[in-house]
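Trainee: I'd like a close look at the packing inside this one. Pick the part you'd start with, please, and take me through it slowly.

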Amino acid sequence: MFEGKNPTLNSKLMPLFDWLFHVPVPVALNTALAQLGVIKPVFRLPHVPVPVEKRIEFVNLVKEIGREHFVGDKDVQVLDNDDFILVSRY
């Protein structure tokens, strides 16, 4: 990856990797997938979505890398706190 055939792609992906691992897994990944419209924005406590500033950062990363490189077919969007459903148990 670091000395591979596409250093431009690597330099584009490193900020995404940093973003995905700035909090414990699966919080950032679930937030990202919800913003991509791939999963429902439901979190089981104690997990909660990342702060809105980080959600905006993710949307900007998707735009920089290119939406076509991400799973799903909906436009990426910044979800508000009210868009998320937090449940204490099933």
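Mentor: Let's fix our words before anything else: a residue is buried under 20% relative accessible area, exposed over 50%, and partly exposed in between, using a 1.4 Å probe and protein chains only. Bear in mind that this is a predicted model, where local features need pLDDT of at least 70 and side-chain atom pairs count only at pLDDT 80 or more, while totals for chains, interfaces and linings use all residues. Residues are numbered from 1 along each chain as its sequence is written, and side-chain values use heavy atoms, with hydrogens and water left out.

Here's the layout. The protein chain has three helices and two strands (DSSP runs numbered from the N terminus: H or I of at least four residues for helices, E of at least two for strands). Along the sequence they come in the pattern α-α-β-α-β. The C-alpha trace spans about 45 × 25 × 20 Å along its principal axes, and 30% of the 90 residues count as buried. To see the other end of the scale, look at Asp 82 in the loop between α3 and β2: its relative accessible area is 76%, so Asp 82 is exposed. Its C-alpha atom is separated by 43 Å from that of Lys 5, 77 residues away along the chain.

Now to the part I'd start with, the aromatic rings. A pair of rings is described by the distance of the centres and the angle of the planes. Rings of Phe, Tyr and Trp (its six-membered ring) pair if their centres lie within 6.5 Å; planes under 30 degrees apart are stacked, over 60 edge-to-face, and the rest tilted. Searching the whole structure turns up three aromatic pairs. In one of them, Trp 19 and Phe 58, the ring centres are 4.9 Å apart and the planes sit at 35°, so the pair is tilted. Since Trp 19 belongs to helix α1 and Phe 58 to helix α3, this pair ties together parts that are 39 residues apart in sequence. Both rings are covered: Trp 19 is buried at a relative accessible area of 1%, and Phe 58 is buried at 2%.

Phe 43 and Phe 84 make another aromatic pair, this one edge-to-face, at 5.7 Å centre to centre with 65° between the planes. Here strand β1 supplies Phe 43 and the loop between α3 and β2 (85-87) supplies Phe 84, so the link joins parts 41 residues apart in sequence. Phe 43 is buried, with a relative accessible area of 3%, and Phe 84 counts as buried at 7%. Back at the tryptophan, ring pairs link Trp 19, Phe 58 and Phe 70 into a cluster.

That cluster leads straight into the core. A nonpolar core is a set of buried Ala, Val, Leu, Ile, Met, Phe, Trp, Tyr and Cys residues joined through side-chain atoms within 4.5 Å. The largest one has 15 residues, and those with the most contacts inside it are Leu 16, Trp 19, Leu 36, Phe 58, Val 62, Phe 70 and Val 76. The elements giving it two or more residues are α1, α2 and α3, and α3 makes the largest share, five residues.

What does Trp 19 touch? With contact meaning heavy atoms within 4.5 Å, and leaving out residues up to four places away in sequence, Trp 19 touches Ala 28, Ala 32, Val 50, Lys 54, Glu 57, Phe 58 and Leu 61. Two of those names, Ala 28 and Ala 32, are among the buried residues of α2. Seven of the nine residues of that helix (27-35) are buried, and they pack against α1 (7-20), β1 (42-44) and α3 (52-65).

Finally, the helices that carry the tilted pair. α1 and α3 pack at about 160° with axes 10 Å apart (axes are lines fitted to C-alpha atoms, for helices over the stretch in contact, and angles run from 0 to 180 degrees between N-to-C directions). They are therefore roughly antiparallel, a label for angles over 145, with under 35 degrees roughly parallel, 65 to 115 roughly perpendicular and the rest oblique. In this interface Lys 12, Leu 13, Pro 15, Leu 16 and Trp 19 of α1 meet Lys 54, Glu 57, Phe 58, Leu 61, Glu 64 and Ile 65 of α3.
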